[in-house]
Amino acid sequence: LISNRRTHLQTSLEGVDGMAKPADAEIIQEEGLLAVHEAADGVSSDGVVRPQIPRGSRAVTSTAVGLLLVALTGVAGWTCWKFNKTVAFNDVGGANGVVDKYQKVWAYLKPGSQYESCARIEDNTDYPLELIATVENVKSASMCCAACTGFPSCGAWTWGKNYKKEGVGGTCWVKKHSGKSIIDKVKNTDVMSGIPHPKVKKFGVEPAPASTSGKFDGVTQRDVGQELKIGATCPGKFAVAGRDSAVVLANTFNSSTVEVLKGDAVVSHYGARSYWAEWCNEGTWQPQQYVKLQPLGKTLRFTADISGTTCGCNAAFYLSAMPQNTKPGTCHGDYYCDVMSVCGVPCFELDLMEANQYAWRSTLHAVGDYMGKPMGYGGSEDSPVSRDWTSKEYSPGGKCVDTRRPFTVAASFPTDDQGNLQAFELELSQTGKPCTVKIRITEYQWGWPPPRKDGWGELTKALQMGMTPVMSYWSSPNMLWMDGLGADGRGPCVQDNPSQCPDHVRFYNFSLEEYRTSATLDSNTEMF
């Protein structure tokens, strides 16, 4: 279902010129799950006659998978569904839930929600206002309300709940409304309409704040011993505090530049994927060369600079069981492996970060578990939601992490007295901020039907044997699994804009140290 992840790395990237460009047609974005269409000037909606937009089979698949996930796993963020035979309105006109004879339809976040809410939701009502854009494959009234907040001039919205009518069900009409005039409402049993909350803001339509960081900002000269002969696939060496020797970087793509600065920073340009190695010979690879990081009982720490990245960009730092792989694979014969078999070889994968300025995802992936166990914030369209914090804590200008500036990532692997993995902990912190954002999990089971598989045991074994850190930077118009609104409307991005991704991201100031309980402030997830 999310096989598009990193699959662009399987092909010859064509450098930055291979980045997705805006379509010339009316459709700005069509990624099988969400399509955004701009309206012509002066167009208004009538609640019945709608532009017809082709729907991909993936939208149907996504809905089925979403319902299956709810039934089987009770994914967080979907647990607030309330099934009522009639519409229940509170004192500000919000619908808790709707059930009609055709299908169940939900308004997940009613007015007054402690997290995010819509200022008003009215059932069986259309607002005949000027149309800004049409968003397809929207799964709830709350998701439509959230999408509205991503458009600067949106002041109202209408969502189609009747899936029996072609072009109505799952369609969100984003509309202009100043808030100063009274809306001439029209009764329409096929739709719901409402007003967005002025404090809710979503992203992806407007350009992201541009990066103001220079390549050398925050970078310190490090001693890496004997210099490496620099080449396209052997770009340099960098220090990792706590290791006996410096790490050699092996770059897998000749056409995608990776720079190593002052023995401290790794600058990943668009399309790059690189591996931590003990040595590097230009243009050749073998599994024995890759670092076998064994982080049990330790904390891996680094600084990430993803400033300028927008919805659709993915700055990734993850661990792969490459040292145990004996198959060269289909990507230049570099022995790369991951859970998605991007290069034809599957293996255990632990995503410490897949991120942009608006979304963050850390995921445990046992072999065969493509969905994995995600944590963080963002999405999703056809994978489990991540709602461990909100845009108030993590975003450009965020209270705990302002993603316009570099911040520290700490991934910890505490163990018990017998050396068994007790937990996986991740903390994002930033100098001068009053709070951090944290994740801590202590179990991981996967697979259906029962008996479920012991993912935690598989993770422990992979970490004991040693895993290779991998850094990559890529983009896609299909990134809503990571950064999309999700059916509850609480994710960050209305649409993905890979053409707006900046040239590079940075990772630097690496260290591997003994684990100690964090002394920083508790994570502060602010209520709405």
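Analyst: A residue is buried when its relative accessible area is under 20%, exposed when it is over 50%, and partly exposed in between, using a 1.4 Å probe on protein chains only. Before we use that: this is a predicted model, where local features need pLDDT of at least 70, side-chain atom pairs count only at pLDDT 80 or more, and totals for chains, interfaces and linings use all residues. Residues are numbered from 1 along each chain as its sequence is written, and side-chain values use heavy atoms, leaving out hydrogens and water.

User: OK, let me try that on a charged residue. Is Asp305 buried or exposed?

Analyst: Asp305 has a relative accessible area of 4%, so it counts as buried. You'll find Asp305 in strand S16, residues 298-305. Strands here are DSSP runs of E with at least two residues, helices are runs of H or I with at least four, and numbering goes from the N terminus.

User: And which residues does Asp305 touch?

Analyst: Contact means heavy atoms within 4.5 Å. Setting aside residues up to four places away in sequence, Asp305 touches Ser213, Pro406, Val505 and Arg506. There's a polar contact too, meaning a pair of N or O atoms within 3.5 Å; within protein, one must be able to donate a hydrogen and the other to accept it, and residues adjacent in sequence count only if both atoms are side-chain atoms. In this case the side chains of Asp305 and Ser307 are joined at 2.7 Å. For a sense of how the chain folds back, Gln357 is 52 residues from Asp305 in sequence, yet their C-alpha atoms are 9.5 Å apart.

User: Which residue forms a salt bridge with Asp305?

Analyst: The rule for a salt bridge is a side-chain nitrogen of Lys or Arg within 4 Å of a carboxyl oxygen of Asp or Glu. Asp305 pairs with Arg506, and their closest N and O atoms are 2.9 Å apart. Because Asp305 sits in strand S16 and Arg506 in strand S30 (residues 504-514), this pair ties together parts 201 residues apart in sequence. Both partners, Asp305 and Arg506, are buried. Elsewhere, Arg120, Glu122 and Lys185 form one network through salt bridges that share partners.

User: How many salt bridges does the rule give?

Analyst: The count comes to 19. One of them brings Lys176 and Glu130 together at 3.6 Å, N to O. Lys176 is in strand S8 (residues 172-176) and Glu130 in the loop between S5 (120-126) and S6 (131-135), so parts 46 residues apart are tied together. Burial is another thing to check: Lys176 is partly exposed at 38%, and Glu130 is partly exposed at 32%.

User: What about the salt bridge between Asp190 and Lys165?

Analyst: Their side chains meet at 2.8 Å, N to O. Asp190 lies in strand S9 (residues 186-195) and Lys165 in the loop between S7 (154-160) and S8, 25 residues apart. Here Asp190 is buried at 7%, whereas Lys165 is partly exposed at 37%.

User: Let's move to sheets. What is the order of the strands in the open sheet?

Analyst: Two strands pair if DSSP finds at least two bridges between them. The open sheet has 9 strands in the order S10-S12-S15-S29-S17-S18-S19-S20-S21, with antiparallel pairing. S10 (236-238) and S21 (386-387) each have a single partner strand, so one side of each is left without a neighbour in the sheet.

User: How many bridges join S17 to S29?

Analyst: There are 8, and S17 (residues 313-320) runs antiparallel to S29. Ala316 stands opposite Ser472 of S29. With S15 (residues 273-277), S29 pairs over 3 antiparallel bridges, and there Ser472 is the bridge partner of Arg273. S17 also pairs with S18 (residues 349-355), over 6 antiparallel bridges, including one between Ala315 and Ala355.

User: Why is S29 called largely enclosed?

Analyst: Because 8 of the 8 residues of S29 (residues 468-475) are buried. Its two faces are both covered: Thr468, Val470, Ser472 and Trp474 on one side, Pro469, Met471, Tyr473 and Ser475 on the other. Helix H2 (residues 141-148) also has 8 of its 8 residues buried, so it is largely enclosed by the rest of the structure. At the start of H2, a side-chain oxygen of Ser140 comes within 3.4 Å of the backbone nitrogen of Ser142.
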